[in-house]
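Reader: Could you walk me through this structure? I am in my first year, so please explain the terms as we go.

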Amino acid sequence: FVYGTLMTGESRHGLLIPGGIETKRPACTAGTLFDLGEYPGLVLAGGERQTVYGELIRFSRLPDILPRLDEEEGSEYRRELLQPISNGRPAPIAWAYVLQAVPSAARVIESGDWRTR
């Protein structure tokens, strides 16, 4: 589940291409989306909970890109399993990068949508 710069048309989407993208579909999850400047951060628990919008992507070669994505996301994020919603129904369990700690200057993206911030 991607919700920011890894989504289609965003600045880091190209990092996903080597994973062999099979399908993409709109999806969402419960949490809080924060604006960190050039990218967002998702927090799943605590604080204001809202609907966070993104894409659910299925890969043919996910193991080929996970180490690179882990490196790119760095220690600011942890890869966590969550169950997004797509088309109003629970979707398959998916990996997402979740913010470890919210910086004091971060602001909530009220719409829950990085693209409409």
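Author: Let us begin with Arg68, which is partly exposed at a relative accessible area of 38%; buried means under 20% relative accessible area, exposed over 50%, and partly exposed in between, computed with a 1.4 Å probe on protein chains only. Please keep in mind that this is a predicted model, in which local features need pLDDT of at least 70 and side-chain atom pairs count only at pLDDT 80 or more, while totals for chains, interfaces and linings use all residues. Residues are numbered from 1 along each chain as its sequence is written, and side-chain values use heavy atoms, with hydrogens and water left out.

Reader: Ok, and what does Arg68 form a salt bridge with?

Author: The side chain of Arg68 meets that of Glu72 in a salt bridge, at 3.2 Å from N to O. A salt bridge here is a side-chain nitrogen of Lys or Arg within 4 Å of a carboxyl oxygen of Asp or Glu. Glu72 is partly exposed, with a relative accessible area of 31%.

Reader: How far apart are Arg68 and Glu72 in helix 1?

Author: They are 4 residues apart, and therefore separated by about one helical turn. An α-helix has 3.6 residues a turn, so residues three or four places apart point the same way. Helices (H or I, at least four residues) and strands (E, at least two) are DSSP runs, numbered from the N terminus.

Reader: Which residues do shared salt-bridge partners join into one network?

Author: The network consists of Arg12, Arg68, Glu72 and Glu73, joined by salt bridges that share partners. One of these bridges is between Glu73 and Arg12, whose closest N and O atoms are 2.8 Å apart. Because Glu73 lies in helix 1 (residues 62-73) and Arg12 in the segment before strand 1, this pair ties together parts that are 61 residues apart in sequence.

Reader: Are those two buried or exposed?

Author: Glu73 is buried, with a relative accessible area of 10%, and Arg12 is buried too, with a relative accessible area of 19%.

Reader: How many salt bridges are there in the whole structure?

Author: The search of the whole structure finds 9 salt bridges. Among them is the one between Arg115 and Glu10, where the closest N and O atoms are 3.4 Å apart. That pair links distant parts of the chain, since Arg115 is in the segment after strand 8 (107-108) and Glu10 is in the segment before strand 1 (21-35), 105 residues apart. Arg115 counts as partly exposed at 39% relative accessibility, and Glu10 is partly exposed as well, with a relative accessible area of 23%.

Reader: Back to helix 1: which of its residues are buried?

Author: In helix 1 the buried residues are Ile65, Leu66, Leu69 and Glu73. They cover an arc of only 120° around the axis, taken from the directions from the helix axis to the C-beta atoms, which puts them on the same side of helix 1. On the other side, Pro63, Asp64, Pro67 and Glu71 are exposed.

Reader: And what do the buried ones pack against?

Author: They pack against strand 3 (50-59), strand 4 (77-82) and strand 7 (94-99); contact means heavy atoms within 4.5 Å.

Reader: What comes after helix 1?

Author: Just after helix 1, Gly74 takes a positive phi of about 70°. Glu76 then has its place in the loop between helix 1 and strand 4, and it counts as partly exposed at 29% relative accessibility. Leaving aside its neighbours within four places in sequence, Glu76 is in contact with Leu36, Tyr39, Val98, Leu99 and Gln100.

Reader: New topic: which residue has a positive phi although it is not a glycine?

Author: That is Asn87, with a phi of about 55°. Most residues other than glycine have a negative phi. Asn87 lies in the loop between strand 5 (85-86) and strand 6 (89-90), and at 67% relative accessibility it counts as exposed.

Reader: And Ser86, is that one buried or exposed?

Author: Ser86, which is found in strand 5, is buried, with a relative accessible area of 4%. Leaving aside its neighbours within four places in sequence, Ser86 is in contact with Arg25, Pro26, Ala27 and Ala91.
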